Amino acid sequence: GDSFSVAFTRWLGDDEARRAGEWIARVLRSYVLMPEPSIDLTDERAARTFLKTLVTPGLRSNGGGNRG
């Protein structure tokens, strides 16, 4: 999670960035470790679609805490 949190510090406070990093790490790990992944994360188009539909909505702000 901490490895990913750096990517979010531009827009989020430290605690929020840490939580976002942890969440993204868990989501990606769950897809990578599936015996037969339904999403090929080595395919750029499939990875972008995955991020756009499943990951990005989970990271959207609820209206508070944005830095920018």
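I began my look-up at Ala 25, whose place is in helix H2. The model I am reading is a predicted one, and I keep that in mind for every value below.

**Entry: Ala 25 and its surroundings**

I asked whether Ala 25 is buried or exposed. Ala 25 has a relative accessible area of 7%, and because the cut-off for buried is under 20%, Ala 25 counts as buried. I then looked up the distance from Ala 25 to Ser 3, and found that the two are 22 residues apart in sequence but 8.6 Å apart in space, taken from C-alpha to C-alpha.

**Entry: the overall layout**

I stepped back to the protein chain as a whole and counted 3 helices and 0 strands, which, read along the sequence, give the pattern α-α-α. The chain has 68 residues, of which 21% count as buried. Its exposed area is about 5300 Å², and carbon and sulfur atoms supply 52% of that area. Among the contacts with a separation of 6 or more, I noted that residues 24 or more positions apart account for 40%.

**Entry: helix H1 and Ser 5**

I turned to helix H1, which covers residues 2-5, and picked out Ser 5 there. Ser 5 is buried, with a relative accessible area of 10%. Which residues is Ser 5 in contact with, once its neighbours within four places in sequence are left aside? I found Ala 17, Arg 18 and Gly 21. Of these partners, Ala 17 came up again when I listed the largest nonpolar core, and Arg 18 came up again among the salt bridges.

**Entry: the nonpolar core**

I listed the largest nonpolar core and obtained 9 residues: Phe 8, Leu 12, Ala 17, Ala 20, Ile 24, Val 27, Ile 39, Phe 50 and Val 55. Helix H2 (14-32) and helix H3 (44-59) each supply at least two residues of this core, and the largest share, 4 residues, comes from H2.

I then followed one core member, Ile 24, and set aside its neighbours within four places in sequence; what remained in contact with Ile 24 was Phe 4, Phe 8 and Val 55. Two of those names, Phe 8 and Val 55, are also on the core list.

**Entry: helix H3**

On H3 I checked which residues are buried, and noted Ala 47, Phe 50 and Val 55. What covers the buried residues of H3 includes H2. I also looked at the course of the helix axis and recorded a kink of about 40° in H3, centred on Lys 52.

**Entry: salt bridges**

How many salt bridges does the structure hold? I found 3, and took them one by one.

In the first that I looked up, Asp 15 pairs with Arg 18, and the closest N and O atoms are 2.9 Å apart. The two are 3 residues apart in helix H2, which means that about one helical turn separates them. Asp 15 is partly exposed, at 47% relative accessibility, and Arg 18 is likewise partly exposed, with a relative accessible area of 42%.

The next one joins the side chains of Arg 26 and Glu 22, at 2.7 Å from N to O. Both residues lie in helix H2, 4 residues apart, or about one turn of the helix. Here I noted that Arg 26 counts as exposed, with a relative accessible area of 52%, whereas Glu 22 counts as partly exposed, at 29%.

The remaining one is made by the side chains of Glu 44 and Arg 48, at 3.1 Å from N to O. Glu 44 and Arg 48 are 4 residues apart in helix H3, so they too are separated by about one helical turn, and both are exposed.

Why should such spacings suit a pairing of side chains along a helix? I wrote down the general point that an α-helix has 3.6 residues a turn, so residues three or four places apart point the same way.

**Entry: the nonpolar surface patch**

Last, I looked for nonpolar side chains at the surface, and recorded a patch of about 280 Å² made by Val 32, Leu 33 and Leu 41. Leu 41 lies in the loop between H2 and H3, and at 30% relative accessibility Leu 41 counts as partly exposed.

Definitions and conventions:
Residues are numbered from 1 along each chain as its sequence is written. This is a predicted model: local features need pLDDT of at least 70, side-chain atom pairs count only at pLDDT 80 or more; totals for chains, interfaces and linings use all residues. Side-chain values use heavy atoms; hydrogens and water are left out. A nonpolar core is a set of buried Ala, Val, Leu, Ile, Met, Phe, Trp, Tyr and Cys residues joined through side-chain atoms within 4.5 Å. Buried means under 20% relative accessible area, exposed over 50%, partly exposed in between (1.4 Å probe, protein chains only). Contact means heavy atoms within 4.5 Å. Patches are made of residues with over 30% relative accessible area and no salt bridge: like charges are joined within 9 Å, nonpolar side chains (Val, Leu, Ile, Met, Phe, Trp, Tyr) within 5 Å. Accessible areas come from the Shrake-Rupley method with a 1.4 Å probe; for residues, only the protein chains shown count as cover. A salt bridge is a side-chain nitrogen of Lys or Arg within 4 Å of a carboxyl oxygen of Asp or Glu. The bend at a residue is the angle between axes fitted to the seven residues ending there and the seven starting there.
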